[in-house]
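Trainee: Could you take me slowly through one part of this model, the salt bridge, and set it against the rest of the chain?

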Amino acid sequence: MIITSEAGIEYDFVYDHSLWSVNANHSNYVDQEDLYKLMAKPLVTSAFEGYNTCIFAYGQVGNNNS
């Protein structure tokens, strides 16, 4: 994904994963346990092995029980 700033500078973002967590009945749905196994567990393991790790996550959080 490329985003252009108001100053005309382009920023290119590359994603390893794009996850779906809106509808549990959807075939690509990912719950918190799946997310942990996919993203967090390998990072925690690497951190304990002495590697620097970082995770960048962006998304919307909401509640349908209003």
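Mentor: Buried residues, meaning those under 20% relative accessible area (exposed is over 50%, partly exposed in between, with a 1.4 Å probe and protein chains only), make up 2% of the 66 residues in the chain. This is a predicted model, in which local features need a pLDDT of at least 70 and side-chain atom pairs count only at pLDDT 80 or more, while totals for chains, interfaces and linings use all residues. Residues are numbered from 1 along each chain as its sequence is written, and side-chain values use heavy atoms, with hydrogens and water left out. The pLDDT, the predictor's confidence in each residue from 0 to 100, averages 85 over the chain, and 88% of the residues score at least 70.

The chain holds one helix and two strands, where helices (H or I, at least four residues) and strands (E, at least two) are DSSP runs numbered from the N terminus. From the N terminus on, these elements run β-β-α. Among them, strand E1 (residues 2-4) has the lowest mean pLDDT, 90, and strand E2 (residues 10-12) has the highest, 94.

Now to the part you asked about. With a salt bridge taken as a side-chain nitrogen of Lys or Arg within 4 Å of a carboxyl oxygen of Asp or Glu, the count comes to one. The partners are Lys-37 and Glu-33, whose closest N and O atoms are 3.3 Å apart. Both residues lie in helix H1 (residues 32-48), and they are four residues apart, about one turn of the helix. Glu-33 counts as partly exposed because its relative accessibility is 49%.

The surface also carries a nonpolar patch, formed by Met-1, Ile-3, Ile-9, Tyr-11, Phe-13 and Tyr-15, with about 620 Å² of accessible area together. Patches are made of residues with over 30% relative accessible area and no salt bridge, joining like charges within 9 Å and nonpolar side chains (Val, Leu, Ile, Met, Phe, Trp, Tyr) within 5 Å. One of the patch members, Ile-3, is found in strand E1, and Ile-3 is partly exposed because its relative accessible area is 40%.

Lastly, the loop between E2 and H1 includes Ser-18, which counts as exposed because its relative accessibility is 72%. Ser-18 and Ala-57 are 39 residues apart in sequence, and their C-alpha atoms are 9.9 Å apart in space.

Definitions and conventions. Areas by Shrake-Rupley, 256 points an atom, 1.4 Å probe, with all protein chains shown as cover.
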